[in-house]
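Take a look at the fold below. Follow the chain from its start to its end, and keep an eye on the strands.

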Amino acid sequence: MAECDSSAKRQKMASALDQLKEFTVVVADTGDFNAIDAYKPQDATTNPSLILAAAQMPAYDKLMADAIEYGKSQGGSEEEQLTNVIDKLYINFGVEILKKIPGRVSTEVDARLSFDKDGMVAKAKRLIQMYKDAGINKDRILIKLSSTWEGIQAGKILEEQCGIHCNMTLLFSFAQAVACAEAGATLISPFVGRILDWHVANTDKKSFEPNEDPGVQSVTKIYNYYKKFGYKTIVMGASFRNTGEIKALAGCDYLTISPKLLESLSKDFEQLTPSLSVKKAEALDIQKVEMNEQKFRWSHNEDQMAVEKLSDGIRKFSADAIKLENMIKERLFGAKNGC
């Protein structure tokens with residue numbers, strides 16, 4: 001009987017996921033269309049690692065085949081064909097994802113351009129043009145750029161001069177967050193879980209309660225700073241390791257969540273109360289920070305965790321981009337090269 005009562009109560013209560021959606025925009029951190037269908041997020045975001053994983057699934061072979069056909073049709077050197085295939089593959093995934101969500105999809109610029117401002121601007125414009133050719137308005141796209149100084153300045157150019165909305169990713173330091181807001185970025189993605197990973201690996205403390213989690217504390221500080229000083233840049237917590245981190249950031253503008261954690265939240269019926277709010281932030285005594293290139297480089301450099309995780313993140317995304325390239329090379333040139 002007790003089991004029946006418990007089941008009936010759950011049916012009346014909203015899941016943690018549904019409660020979260022009441023005060024935070026939920027974004028699916030995946031390239032898997034099935035997960036997007038299942039959890040009905042507002043937006044979706046991808047990165048080289050997610051595209052690499054999805055591109056190896058038989059279900060998405062048509063998207064790969066179409067991208068390869070496109071690359072061949074454009075002609076040029078093998079390198080140019082390969083670049084065209086990869087760009088088209090990203091666009092194909094983005095277009096299909098946009099059929100399943102009401103909001104925007106984030107598409108990432110190659111991490112190997114992270115220190116090349118002009119290269120990032122050119123690639124972003126190229127991706128937006130390809131979306132336009134596919135019938136997608138730029139207002140439904142967020143271009144993801146690494147939050148290096150060069151990436152932030154590329155974002156500033158794209159936002160101010162081109163009306164292209166940017167998602168500043170691989171963000172770990174407060175200096176990065178302030179610089180992104182000053183540059184007028186549409187959205188930032190602070191990486192909660194990777195901050196936690198660093199502290200677990202490099203300090204004596206191996207477990208943290210959600211409110212003591214250094215990743216949660218980092219996003220909370222950034223959120224409060226933005227709301228206190230009226231920045232329009234959206235804060236989207238990313239890279240979660242557990243649902244405790246997500247619940248502790250309830251009330252944050254956006255949270256991008258993996259399918260595994262979305263599933264856990266959909267089966268969790270604990271009552272959720274928002275931890276973050278504009279009203280609370282506005283009441284805080286916070287000092288405004290002035291930011292320029294010199295201050296950015298010094299402040300960011302003083303944060304060992306942020307320096308290490310930013311460089312590590314760029315290397316990992318770059319490595320997965322190379323794996324994706326090699327996989328495509330085999331399909332694009334394998335037969336011609338006698339492999």
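Two strands pair if DSSP finds at least two bridges between them. Strand 7 (residues 234-237) and strand 8 meet that mark, with 2 bridges in the parallel sense. One residue match here is M236, whose bridge partner in strand 8 is Y254.

This is a predicted model. The chain averages a pLDDT of 94. A score of at least 70 is reached by 95% of the residues. Residues 6-11 are a weak spot, where pLDDT stays under 50. For residues 6-11 the model has 1 contact beyond four places in sequence. Where pLDDT is low, the predicted coordinates should not be read in detail.

Now the overall picture. The 8 strands form a closed barrel in the order 1-2-3-4-5-6-7-8, and the pairing is parallel. From one strand to the next, the twist averages 30°.

Here are three of the pairings.

| Strands | Bridges | Direction | A residue pair |
|---|---|---|---|
| Strand 4 (residues 141-146) and strand 5 (residues 166-171) | 4 bridges | parallel | S146 and T169 |
| Strand 1 (residues 25-29) and strand 8 | 4 bridges | parallel | A28 and I257 |
| Strand 7 (residues 234-237) and strand 8 | 2 bridges | parallel | M236 and Y254 |

Strand 8 appears twice, paired with strand 1 and with strand 7. Which way do the residues of strand 8 point? Y254 and T256 point one way, while L255 and I257 point the other way. All four of these residues are buried.

How does the chain get from strand 7 to strand 8? Helix 12 (residues 243-248) joins them in a right-handed β-α-β unit.

Technical notes
Residues are numbered from 1 along each chain as its sequence is written. This is a predicted model: local features need pLDDT of at least 70, side-chain atom pairs count only at pLDDT 80 or more; totals for chains, interfaces and linings use all residues. Side-chain values use heavy atoms; hydrogens and water are left out. pLDDT is the predictor's confidence in each residue, from 0 to 100. Contact means heavy atoms within 4.5 Å. Axes are lines fitted to C-alpha atoms, for helices over the stretch in contact, and angles run from 0 to 180 degrees between N-to-C directions. Buried means under 20% relative accessible area, exposed over 50%, partly exposed in between (1.4 Å probe, protein chains only). A crossover is right-handed if, with the strands pointing away from the viewer, the path from the first strand over the helix to the second runs clockwise.
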